[in-house]
Amino acid sequence: MRRRKVCLSIGISFMVFCGAVLSCVTDKAPLQQNENIVPQSEIAYYNDSFDKMREDLWDRAGYLHKEEQMQNFKQADMRFDNGKLIIRTKTGSFSKGGLGAKYALRGDFDIQLDCRIDFLKGASGMEQLLYILVIDKSGEIGKANTVLINLTMGDGLHQGWLKSRGFINGSWENSSAKNMENFDGALRILRKGKEISTLYKKKGVSAWSTMHTFRATDKDMMFGFQLSNYFVNRTVIRAKHSISAEFDNFRINAVQEIIEEEI
């Protein structure tokens, strides 16, 4: 195993957190010109094609926000099939599943994840939410600076949305939302200094579209992703349908330093 550096323990507490589309960039990671980035030979260890569960890289996520959710919760099914991670929620309950990294990203970084979700139009008594995020690992519970990309469809609606959000210094900042019937492509988060940019591209498209740039933090951050059948404030759920999403090809394009949990 290639290990860049060891730091103080980073536990599953990571998962406690929870503009318009104008510009495009190429596939080439813009941080590659920085001589201080980790060599690709070392980064390769942390990339994941999701052929199987990498216990050395990931913790399973499952934090709940409200007592009502705890009383009626079922962990989503997670399985690996044909080189993809497939997450499927349970019916009749609050249900979610995902993974959080066991390491932190220090300095500038550029990461991306392939994902696919086909929204269920008109599904009532539930929501549909897929997101990826980076979160300041040193922040207090519920107060940590966070930047995320959401794919959502609300209760009973027929239209999905793609947007990014930042919880920065105690308040939320949002990008413009983009209509999204379904999504099959890649989501990307890039940091330079304290500026964190969110990007996406659909499958078959070569250029990335920038959603928003947040002035957030230059502190160590951790990465995670989840699929959920509810929004955080929901207290009652019917969820007659399950929802599923596919995840593939997590990749660190560039990073200045990778900080692992203490062994």
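Which residues does Lys163 touch, not counting residues up to four places away in sequence? Select Lys163 and find out: its contacts are Leu148, Ile149, Asn150, Asn174, Ser175, Ser176, Ala177 and Met211. Contact here means heavy atoms within 4.5 Å.

Before going on, note that this is a predicted model, in which local features need pLDDT of at least 70, side-chain atom pairs count only at pLDDT 80 or more, and totals for chains, interfaces and linings use all residues. Residues are numbered from 1 along each chain as its sequence is written, and side-chain values use heavy atoms, with hydrogens and water left out.

**Stop 1: Lys163**

Stay on Lys163. It sits in strand E10, residues 161-168. Strands (E, at least two residues) and helices (H or I, at least four) are DSSP runs, numbered from the N terminus. Lys163 counts as partly exposed because its relative accessibility is 22%. The scale is simple: buried is under 20% relative accessible area, exposed is over 50%, and partly exposed is in between, with a 1.4 Å probe and protein chains only. Now add Leu151. Its C-alpha lies 6.8 Å from that of Lys163, and the two are 12 residues apart in sequence.

**Stop 2: the cores**

Keep Leu151 selected. Add Trp58, Leu187, Phe225 and Ile252. These five have the most contacts inside the largest nonpolar core, which has 56 residues. Strand E7, residues 103-118, gives the largest share of this core, with seven residues. A nonpolar core is a set of buried Ala, Val, Leu, Ile, Met, Phe, Trp, Tyr and Cys residues joined through side-chain atoms within 4.5 Å. In soluble globular proteins, nonpolar side chains tend to be buried together.

Zoom in on Ile252. Leaving out residues up to four places away in sequence, Ile252 touches Gln40, Ile43, Tyr46, Asn47, Tyr103, Leu105, Asp110, Ile111 and Ile258. Then pick Ala104, Tyr131, Met222 and Ile259. They are among the nine residues of a second, separate core.

**Stop 3: strand E16**

Select residues 221-228. This is E16, and eight of its eight residues are buried. Look along the strand. Met221, Phe223, Phe225 and Leu227 point one way. Met222, Gly224, Gln226 and Ser228 point the other way. In a regular strand the side chains alternate between the two faces of the sheet.

Show two partners of E16. Strand E6 (residues 94-101) runs antiparallel to E16 and is joined to it by five bridges. Find Lys96: its bridge partner in E16 is Ser228. Strand E8 (residues 128-136) also pairs with E16 in the antiparallel sense, over eight bridges. There, Leu130 stands opposite Leu227. Two strands pair if DSSP finds at least two bridges between them.

**Stop 4: E13, E14 and E15**

Select strand E13 (182-192) and strand E14 (195-202). They pair in the antiparallel sense over eight bridges. Lys192 has Glu195 of E14 as its bridge partner. Two residues lie between the strands of this hairpin, and Gly193 takes a positive phi near 65 degrees.

Add strand E15, residues 208-215, which is antiparallel to E14 and joined to it by six bridges. Leu199 is partnered by Thr210 in E15. This hairpin has five residues between the strands, and Gly204 takes a positive phi near 90 degrees. E14 is largely enclosed by the rest of the structure because six of its eight residues are buried.

**Stop 5: the second largest pocket**

Select Lys84, Asp114, Asp184, Gly185 and Lys203. Of the 14 lining residues of the second largest pocket, these lie nearest its centre. Its volume is about 230 Å³. By class, the lining has three nonpolar, two polar and nine charged residues. E17 (244-260) is one of the strands that supply at least two lining residues. With four residues, E17 gives the most.

A pocket is found on a 1 Å grid over the protein atoms alone: it is an open set of points where a 1.4 Å probe fits, with protein on both sides within 12 Å along at least five of seven lines, and lining residues have an atom within 4 Å of a point. Grid points are joined across faces, edges and corners, and volume is the space filled by probe spheres set on the points. Ala, Val, Leu, Ile, Met, Phe, Trp, Tyr, Cys and Pro count as nonpolar, Asp, Glu, Lys and Arg as charged, and the others, Gly among them, as polar.

**Last stop: Ser242**

Select Ser242, in the loop between E16 and E17. Ser242 counts as partly exposed, at 21% relative accessibility. Its contacts are Arg88, Thr89, Thr91 and Leu120, not counting residues up to four places away in sequence.
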